[in-house]
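Reader: I should be grateful for a close look at how a central part of the fold is put together, residue by residue where possible. Please begin with burial and then proceed to the arrangement of the helices and strands.

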Amino acid sequence: MSMDRSATMQLAHEIAMPDYVLDKFHEFELRGMYCADENPELDSLLRSLSDQTTSKQAREELVEWLKSAPVDNTEGLGMLYCMLTCAAQYSHPLYAREGIGDSVFIETMRDFTRFTCESLSRFGRYRFDRDFWMYHHLCLALFRLGTLEYEYAYDLSDIPAAFGAAPCMKLHIPSDASLSAQDIDRSLELRDAFLGRHFAQWLALPTTCESWMLDPSLKRMLPENSKILAFQQRFTLVGVEPSEDWREFVFNTNPLPVADLPERTSLQRNMKRHLLAGGSVGDGLGILR
């Protein structure tokens, strides 16, 4: 990926950011609002975002910096621009140093676009509110490999007790993932090859998953041939944590009371009936078999 012109803008084009966001970024650059080259404090924060040992703290400090800086962070697009600048200027060279190809880099960074575009259907406007999550992508801790994503979970405070107080590999299911057995098998093969080539020390770690898709109550809501139920069978369930992630992923972040939630799909209808009857849906904690 060439970085001859504005690295941030080029990356934004590469990952297919919507025109509205591209226009906003262009305005930022014309006005010099987020010029890391001329702002040592901002440059230091962006550099720290790409380091696993400092990324989480740097994200928190960047949130505070944006509150007091004389810049436009309307709907989080200033934060989005800063994070993409980090990806282009600091994360991308780290990928190159590890010998990781641009195809993995671009597919991983497309999460920025996915989250931004999903906000349009959920809130009626483009916004970026996933900075609490996306710092993992910037410090080479999370990669998209095929239909799934894999994260080296090194922060013990983010690892449920059911998985033990030790690092692990977390498997994530993007909203656009295919759950076909063939695509999942292919992704797991890509994971093994990728880790063996670039991060062999991670191969021995258990692969875990925290998802509403692993909640055992789904067996009462889905048909036997469900891809979600087939996906569950790949894991040994070790617990269920209270969560309302189902509201985001099944009902598109609809804030209405359960009684007023839509019933457009059979899963929505069955889950709504389950919840109204006093049932619950949490995040199942599973270890890949």
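Author: T116 has a relative accessibility of 0% in this predicted model, and because buried means under 20% relative accessible area, T116 counts as buried. The residue belongs to helix α6, which spans residues 102–123. Leaving aside neighbours within four places in sequence, T116 is in contact with M17, V21 and L80, and also with Y126, R127 and F128.

One of these contacts, L80, falls within the span of helix α5, residues 77–97. Helix α5 packs against helix α4 (residues 55–68) at an angle of about 135°, and the two axes lie 11 Å apart. The pair is therefore classed as oblique. The crossing of α4 past α5 is right-handed. On the α4 side, the residues that meet the partner helix are R59, L62, V63 and L66, while α5 contributes M79, C82 and M83. Sorted by class, this contact holds 6 nonpolar residues and 1 charged residue, with no polar ones.

Burial is also a feature of helix α7, residues 131–138: because 7 of its 8 residues are buried, the helix is largely enclosed by the rest of the structure. The buried residues of α7 are D131, W133, M134, Y135, H136, H137 and L138. Just after this helix, L140 adopts a positive phi of about 55°.

The sheet comes next. Its 6 strands form an open arrangement with mixed pairing, in the order β1-β2-β3-β4-β6-β5. Strands β1 (142–145) and β5 (235–241) each have a single partner strand and stand at the edges, so one side of each lacks a neighbour in the sheet. On average, and with direction ignored, neighbouring strands of this sheet are turned by 25° against each other.

Within that order, strand β3 (residues 168–172) merits particular attention, since 5 of its 5 residues are buried and the strand is mostly covered. In a regular strand the side chains alternate between the two faces of the sheet. For β3, both faces are covered: C168, K170 and H172 are buried on one side, and M169 and L171 are buried on the other.

The partners of β3 are joined to it in opposite senses, antiparallel on the β2 side and parallel on the β4 side. Strand β2 (residues 148–153) and β3 share 5 bridges, and in this pairing Y150 stands opposite L171. Strand β4 is joined to β3 by 2 bridges, with T208 in β4 as the bridge partner of K170.

T208 also has a place in the next pairing, where it stands opposite I287 in β6. Strands β4 (residues 207–211) and β6 (residues 283–288) run antiparallel and are joined by 4 bridges.

To close, consider H172, which is found in strand β3. Its relative accessible area is 17%, and H172 is therefore classed as buried. Not counting residues up to four places away in sequence, H172 touches W133, L142, L148, E149 and E151. Among these contacts, W133 is one of the buried residues of α7, and L142 lies within the span given for edge strand β1. H172 may also be set beside S211: the two are 39 residues apart in sequence, and their C-alpha atoms are 8.1 Å apart in space.

Conventions: Residues are numbered from 1 along each chain as its sequence is written. This is a predicted model: local features need pLDDT of at least 70, side-chain atom pairs count only at pLDDT 80 or more; totals for chains, interfaces and linings use all residues. Side-chain values use heavy atoms; hydrogens and water are left out. Two strands pair if DSSP finds at least two bridges between them. Axes are lines fitted to C-alpha atoms, for helices over the stretch in contact, and angles run from 0 to 180 degrees between N-to-C directions. Angles under 35 degrees count as roughly parallel, over 145 as roughly antiparallel, 65 to 115 as roughly perpendicular and the rest as oblique. A crossing is left-handed if the near helix is turned anticlockwise from the far one by less than a right angle, and right-handed if clockwise. Contact means heavy atoms within 4.5 Å. Ala, Val, Leu, Ile, Met, Phe, Trp, Tyr, Cys and Pro count as nonpolar, Asp, Glu, Lys and Arg as charged, and the others, Gly among them, as polar. Buried means under 20% relative accessible area, exposed over 50%, partly exposed in between (1.4 Å probe, protein chains only).
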